[in-house]
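Let's take a quick walk through this one, strands before surface. Have the sequence and the model open side by side.

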Amino acid sequence: MGRGEEPDMNRYAKIFALTFVAVAVLGCSARTDKTDAGGVILSIFDFDGLPLTVSASDPNTAVILKVTVQNIAKNTSQPTSDLMNVEIHSYEITYTREDTGTRTPPKLVQAIFGVAPVNGTYVLNNFPFMRDDQFNNQPLKDMRIYGRDLETGSSVLRMRVSIQFFGKTLSGDPVASAPGYFSIEVTQ
């Protein structure tokens, strides 16, 4: 055999190797698409037992009896799998004023663990939406000590509370709920 045949052999080897890599990559992608079926949406489905008034002197009043987080498959026409279950790892709560005041308690970020199965729910009972850090900082501290907000002079604080949950699917995709909102009044 002459020299002219070696380049043909190398060319066939390269074509085979590239074909093998392409099939492997496309095969993995197709397998992932079949098991994930388009992802999930994490949603705060329900609040039960929302307090309308919170006492700055009693942290036990800043509790929601039940919060339900729902995991919804985005593509309902596709089959689902356990890889679409969401491991919830934390929540974040922020506060904004609905009155003329500008001071707000610090943000609450809390690590938790729970699993919201695909097309199922995760329920938290006796869910605190304020903790010591919020009660020991302004403006709640003024409400507790002086019975009023020193910034506005008011004996009632009106605040909007925003709750958002964070997690990831078992296949590793990060998921966050849209924020859920409710309003409270804080008194002494």
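What follows covers an open sheet, a strand with two partners and a patch on the surface.

## The open sheet

Keep in mind that this is a predicted model. Start with the open sheet: 3 strands, lined up as β1-β3-β6, with antiparallel pairing. At the edges sit β1 (40-48) and β6 (120-128), each of which pairs on one side only. Neighbouring strands here are turned by 20 degrees against each other on average, ignoring direction.

Zoom in on β1 and β3 (residues 63-73): the two run antiparallel and are joined by 8 bridges. To find your place in that ladder, look for I44, whose bridge partner in β3 is V69.

## Strand β9 and its partners

Now jump to β9, which spans residues 180-187. Which residues make up its covered face? They are G180, F182, I184 and V186, while Y181, S183, E185 and T187 make up the uncovered one. That fits a general pattern: side chains in a regular strand alternate between the two faces of the sheet.

β9 pairs with β7 (residues 157-169) in antiparallel fashion through 7 bridges; R158, for one, has E185 as its bridge partner. With β2 (residues 53-55), β9 runs parallel, and 3 bridges join the two. Here S55 is partnered with T187.

## A nonpolar patch

On the surface, I145, Y146 and L150 make a nonpolar patch of about 300 Å². I145 belongs to helix α3 (residues 140-146). With a relative accessible area of 46%, I145 counts as partly exposed, so it clears the over 30% cut-off for patch residues.

Terms used. Residues numbered from 1 in each chain as written. Predicted model: local features only at pLDDT ≥ 70, side-chain atom pairs only at ≥ 80, totals over all residues. Heavy atoms only, no water. Pairing = 2+ DSSP bridges. Helix = DSSP H or I, 4+ residues; strand = E, 2+ residues; numbered from the N terminus. Axes fitted to C-alpha atoms, helices over the stretch in contact; angles between N-to-C directions. Patch = residues over 30% accessible without salt bridge, like charges linked within 9 Å, V, L, I, M, F, W, Y side chains within 5 Å. Areas by Shrake-Rupley, 256 points an atom, 1.4 Å probe, with all protein chains shown as cover. Salt bridge = Lys/Arg side-chain N within 4 Å of Asp/Glu carboxyl O. Buried < 20%, exposed > 50% of the residue type's maximum accessible area, 1.4 Å probe, protein only.
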